[in-house]
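Here's a quick briefing to read alongside the model. Take a moment with the picture, then work through the points by topic.

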Amino acid sequence: WVAEFGYTPPLQLAGSRARNVFAAAIGRRLIDREPFSLSVRALGQLGKVDGDITCPRHASGDFDPVTNPLGCIVPSQDTFTADYWGVDATLGWNAGNLKLYASGGIVRARLDVQVDAFVALTHDLSRITSNGSLPWITFGARYQFDPRWSAGVEMLYVPLDVRRPPE
């Protein structure tokens, strides 16, 4: 068994501050027969981030359309909320210094962004939400050059269904 726990402290970074962001996972390797392995995991994360997400401080007030394409007057005071939980499975193949893997999973996600931005001549208080299941697949490879150095590459695909209101 493997357990993971994460906490993001409320530090100010690039105009944003995490508020009570926690993540946890518990997993187990079900098959471990060289060269193959199969692991499963249950995971979740919840918390909020406040900050100047829509209108960053460095661009606000500058009326250059290149550096401030939204026409932000002042830094925004947005809030992003994440609350999700799910499961995934990873199949791995060990070929000595080269390791390949593929993963698939699904999370039940409730994501929310409360915009609070002064853009051009309006006060944008839009609320953007996503409430549903998000499946994903991942493919990756890692090559170990020596016991202390390796390089990896990974591709993640999350199909999203985006619906916009008619204009």
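**A strand-built chain**

Let's start with a ring residue: Tyr7 is partly exposed, and its relative accessible area is 42%. Keep in mind that you're looking at a predicted model. The chain in it has 10 strands and 0 helices, so the pattern along the sequence is simply β-β-β-β-β-β-β-β-β-β. The radius of gyration is 21 Å, well over the 15 Å that the globule rule gives for 167 residues, so the chain is more spread out than a compact globule.

**Overall numbers**

- Draw a box along the principal axes and the C-alpha atoms of the chain fill roughly 65 × 35 × 35 Å.
- Of the chain's 167 residues, 25% count as buried.
- The accessible surface adds up to about 11,800 Å², and 62% of that belongs to carbon and sulfur atoms.
- Take the contacts with a separation of 6 or more: 53% of them come from residues 24 or more positions apart.

**Aromatic pairs**

- How many aromatic pairs does the structure hold? There are 3 of them.
- Tyr7 and Phe22 make a tilted pair, because their ring planes sit at 40°, with the centres 5.0 Å apart.
- Tyr7 belongs to strand E1 (residues 2–8) and Phe22 to strand E3 (residues 16–33), so this pair ties together parts that are 15 residues apart in sequence.
- Phe22 has 32% relative accessibility, so it counts as partly exposed.
- Tyr143 and Phe145 pair up edge-to-face, with 70° between the planes and 5.1 Å from centre to centre.
- Tyr143 is partly exposed at a relative accessible area of 38%, while Phe145 is exposed at 56%.
- Ring pairs also link Phe5, Tyr7 and Phe22 into a cluster.

**A nonpolar patch on the surface**

- Which residues form the nonpolar patch on the surface? They are Phe36, Leu91, Trp93, Leu98, Leu100, Tyr143, Phe145 and Trp149, and together they have about 830 Å² of accessible area.
- Strand E5 (78–95), strand E6 (98–114) and strand E9 (127–146) are the elements that give two or more residues to the patch.
- Trp149, one of the patch residues, has its place in strand E10 (residues 149–157).
- With a relative accessible area of 58%, Trp149 is exposed, because the cut-off for that word is over 50%.

**Salt bridges**

- A search of the whole structure turns up 5 salt bridges.
- Glu4 forms a salt bridge with Arg41, and the closest N and O atoms are 3.8 Å apart.
- Since Glu4 lies in strand E1 and Arg41 in strand E4, the pair ties together parts that are 37 residues apart in sequence.
- Both ends of this bridge are partly exposed: Glu4 has a relative accessible area of 41%, and Arg41 has 30% relative accessibility.
- Arg41 also forms a salt bridge with Asp88, where the closest N and O atoms are 2.7 Å apart.
- That pair links distant parts of the chain, with Arg41 in strand E4 and Asp88 in strand E5, 47 residues apart.
- Is Asp88 buried or exposed? Asp88 is buried, because its relative accessible area of 10% falls under the 20% cut-off.
- Put these together and you get a network of salt bridges linking Glu4, Arg41 and Asp88.
- Elsewhere, Asp32 forms a salt bridge with Arg29, with the closest N and O atoms 3.8 Å apart.
- Asp32 is exposed, with a relative accessible area of 52%, and Arg29 counts as partly exposed at 47% relative accessibility.

**A loop residue to look up**

- Where is Ile53? Ile53 is in the loop between strand E4 (36–51) and E5.
- Ile53 counts as partly exposed, at 43% relative accessibility.
- Leaving out residues up to four places away in sequence, Ile53 touches Ser16, Ser76, Asp78 and Phe80.
- The C-alpha atoms of Ile53 and Pro135 are separated by 26 Å, and these two residues are 82 residues apart along the chain.

Key
Residues are numbered from 1 along each chain as its sequence is written. This is a predicted model: local features need pLDDT of at least 70, side-chain atom pairs count only at pLDDT 80 or more; totals for chains, interfaces and linings use all residues. Side-chain values use heavy atoms; hydrogens and water are left out. Patches are made of residues with over 30% relative accessible area and no salt bridge: like charges are joined within 9 Å, nonpolar side chains (Val, Leu, Ile, Met, Phe, Trp, Tyr) within 5 Å. Accessible areas come from the Shrake-Rupley method with a 1.4 Å probe; for residues, only the protein chains shown count as cover. A salt bridge is a side-chain nitrogen of Lys or Arg within 4 Å of a carboxyl oxygen of Asp or Glu. Helices (H or I, at least four residues) and strands (E, at least two) are DSSP runs, numbered from the N terminus. Buried means under 20% relative accessible area, exposed over 50%, partly exposed in between (1.4 Å probe, protein chains only). Rings of Phe, Tyr and Trp (its six-membered ring) pair if their centres lie within 6.5 Å; planes under 30 degrees apart count as stacked, over 60 as edge-to-face and the rest as tilted. Contact means heavy atoms within 4.5 Å. The radius of gyration is taken over C-alpha atoms; the globule rule is 2.2 Å times the number of residues to the power 0.38.
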